[in-house]
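Biologist: Please take one part of this model and go through it slowly. I would like to know what surrounds it and how the neighbouring pieces are arranged.

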Amino acid sequence: MNSSDLLGLWPHQSYAVAGIETAWASGARSVCYQLPTGGGKTRVFRTIVDNHAAGRKVVYLMAHTRALISQLSGELEAAGIRHGLIAAGYPYISHRVQICSIQTLVRRVNGIPDPDLVIIDEVHHVKAKSYLNVIKRWPAAKILGVTATPRRPDGKPLNDVIDKLITGPSMRFLIDEGYLSDYVYFAPDDVDMSGTHMRGGDYVTSEAVAKVDRRVIIGSAIDHYREHADHVPAIASCASIEHAEHVATEFRDAGYTAVAVHSKNDQAHIKRAIRGLQDGTNNVLCQVNLLGEGVDMPHAQALIGLRPTNSEVIYLQQAGRVLRSAVGKGDAIFLDHVGNWQRHGLPDDERAWSLAGRLERVTGISKYKRCPGCVRPVPVATRVCPHCGHQWTETAEAQSRVPEQVEGVLVNIKGQSQRQDLVLRIARQARTLKQAIAIAKSMGYKHTEAYVAWTRYLKHRA
Ligand SMILES: [Zn+2]
């Protein structure tokens, strides 16, 4: 890890603190600081809290989940910053620094001193009405918002509540400097999301679930986990509670330990599942919407993507989970079975952040294509794959077939699980009958089996 300065800050964090203070000094009231997940944004605002507390200022730190509140409290305590909690179940204790649940703060707003500084963690939630009310109530207070993704999931702008955006170093910089793990990205499958309806900027859950809660996709996830990340601590990102339970069951049937974790579980179950990932008693944690913010699990090394999302914010949050560096941890491994890379690019792509809301994306044009040899995304202009040596020719760029195109035929061969493996493998990898036969032979099948799979199940001409 890199050297830190006298205050215990890494260089980019010291730079951030200076930039934020300068913005306030030059007249901005509300400042947003952006830093990729794992870049240590908490250390930045901890320093700012400390500076203000030393100057006898009143500081409110706002968070919107219990997990974030207890994480922040732990951080301040570790830094020796005395503070109170304005949250349900806690009596008010007079301290200059308070960590506030937004819901409780709204109710107690009359009985507490005016803050000089309000810090809002995960500030992309700031357009929620209760946040706006709090900000309006104390017009003299400075505001600092922090987030990895200064963009609301629905794409609405932040510039009516934030005066100035300060962006930190890029994810690639943090990887190269050793603050984050590097990664490999595999994209074995796609899911066609065309025709799916949107709500709040993302796919309607029931429709997304219908696309991905399929044995054929889960089976592929297990195959690729075994091939690329066998027994590596993994998070499987799922689209619904039922989907997560299905994924966990299938992984268990395949011989792994896997636990589904979601909002219907109690805290003890969730903690046990996370601890299991760390001590090796749990291989795969199948989660739904739970690990977005405030839950730290640096040992998770693989992300099994089974939830298609249209939200770049959610995509980057999930990627950030497995990019945190930890002692003894290897490169992170992404197994994207739902084509999120085609919508959002790769995690460390340079991104332009703006307070003005969603930047219009050029649709239908991806910077990447999938290498048929190793299923890794590579830049579209690539002629020879840097990972496996596959060579593209002018005509043979045929895409591998996606699982749902063959799902219908798999119904016919249900129960013959080995043949199903063969058909799937051919569907994914073969572009000619000759290749299909080679695959069949490599798996111990006769060439006639390949012929049947190719012509009858996959409806190709021989
Ligand atoms: Zn390749």
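Modeller: Start with the contacts of Ala221: apart from neighbours within four places in sequence, Ala221 touches Phe251, Ile304, Leu306 and His337, where contact means heavy atoms within 4.5 Å. Before going further, note that this is a predicted model: local features need pLDDT of at least 70 and side-chain atom pairs count only at pLDDT 80 or more, while totals for chains, interfaces and linings use all residues. Residues are numbered from 1 along each chain as its sequence is written, and side-chain values use heavy atoms, with hydrogens and water left out.

Ala221 sits in helix H8, residues 215–229. Helices (H or I, at least four residues) and strands (E, at least two) are DSSP runs, numbered from the N terminus. Ala221 counts as buried because its relative accessible area is 0%. Buried means under 20%, exposed means over 50%, and partly exposed lies in between, using a 1.4 Å probe and protein chains only. The C-alpha atom of Ala221 is 8.6 Å from that of Gly305, although 84 residues separate the two along the chain.

Next come the nonpolar cores. A nonpolar core is a set of buried Ala, Val, Leu, Ile, Met, Phe, Trp, Tyr and Cys residues joined through side-chain atoms within 4.5 Å. The largest one has 60 residues, and the members that touch the most other members are Ile20, Tyr33, Leu61, Leu144 and Phe334. With residues up to four places away in sequence set aside, the contacts of Leu61 include Phe45, Val49, Leu72 and Ile119. Ala221 belongs to a second, separate core of 38 residues, which also includes Val184, Ile217 and Val338.

Now the sheet. Six strands form an open sheet with parallel pairing, in the order S8-S15-S14-S11-S13-S12. Two strands pair if DSSP finds at least two bridges between them. The edges are strand S8 (183–186) and strand S12 (258–261), each of which pairs on one side only. From one strand to the next, the twist averages 15 degrees; axes are lines fitted to C-alpha atoms, for helices over the stretch in contact, and angles run from 0 to 180 degrees between N-to-C directions.

At one edge, S8 runs parallel to strand S15 (residues 332–336), and four bridges join them. One residue of this pairing is Tyr185, whose bridge partner in S15 is Phe334. Phe334 has already appeared, as one of the residues with the most contacts to other members of the largest core.

Further along is S11, residues 234–237. S11 pairs with S13 in the parallel sense over four bridges, and Ala234 has Val284 as its bridge partner there. S11 also pairs with S14 in the parallel sense, again over four bridges. In S14, the partner of Ala234 is Ala302. The side chains of a regular strand alternate between the two faces of the sheet. In S11, Ala234 and Ala236 point one way while Ile235 and Ser237 point the other way, and all are buried.

Two helices lie against this sheet. Helix H10 (residues 267–279) crosses S11, S12 and strand S13 (284–287), at about 140 degrees to S12. Helix H11 (residues 312–323) packs on the sheet and touches S8, S11, S13, strand S14 (302–305) and S15, with its direction at about 145 degrees to that of S15.

One more site belongs in the tour. A zinc ion is coordinated by the SG atoms of Cys371, Cys374, Cys385 and Cys388, at 2.2 to 2.3 Å. Donors are N, O and S atoms within 2.8 Å of the metal (3.2 Å for Na, K and Ca); water is not among the atoms, so sites may look incomplete. The arrangement is tetrahedral because the four donor atoms subtend angles of 101 to 115 degrees; four donors count as tetrahedral if all angles lie between 85 and 135 degrees. Along the chain, the donors follow the spacing C-x2-C-x10-C-x2-C. Cys374 and Cys388 are 14 residues apart and link distant parts of the chain: Cys374 is in the loop between strand S16 (368–370) and strand S17 (377–379), and Cys388 is in the loop between S17 and helix H13 (403–410). Cys374 is buried, at 14% relative accessibility, whereas Cys388 is partly exposed, at 39%.

Terms used: Tetrahedral: all angles 85-135°; square planar, octahedral: opposite > 155°, others 65-115°.
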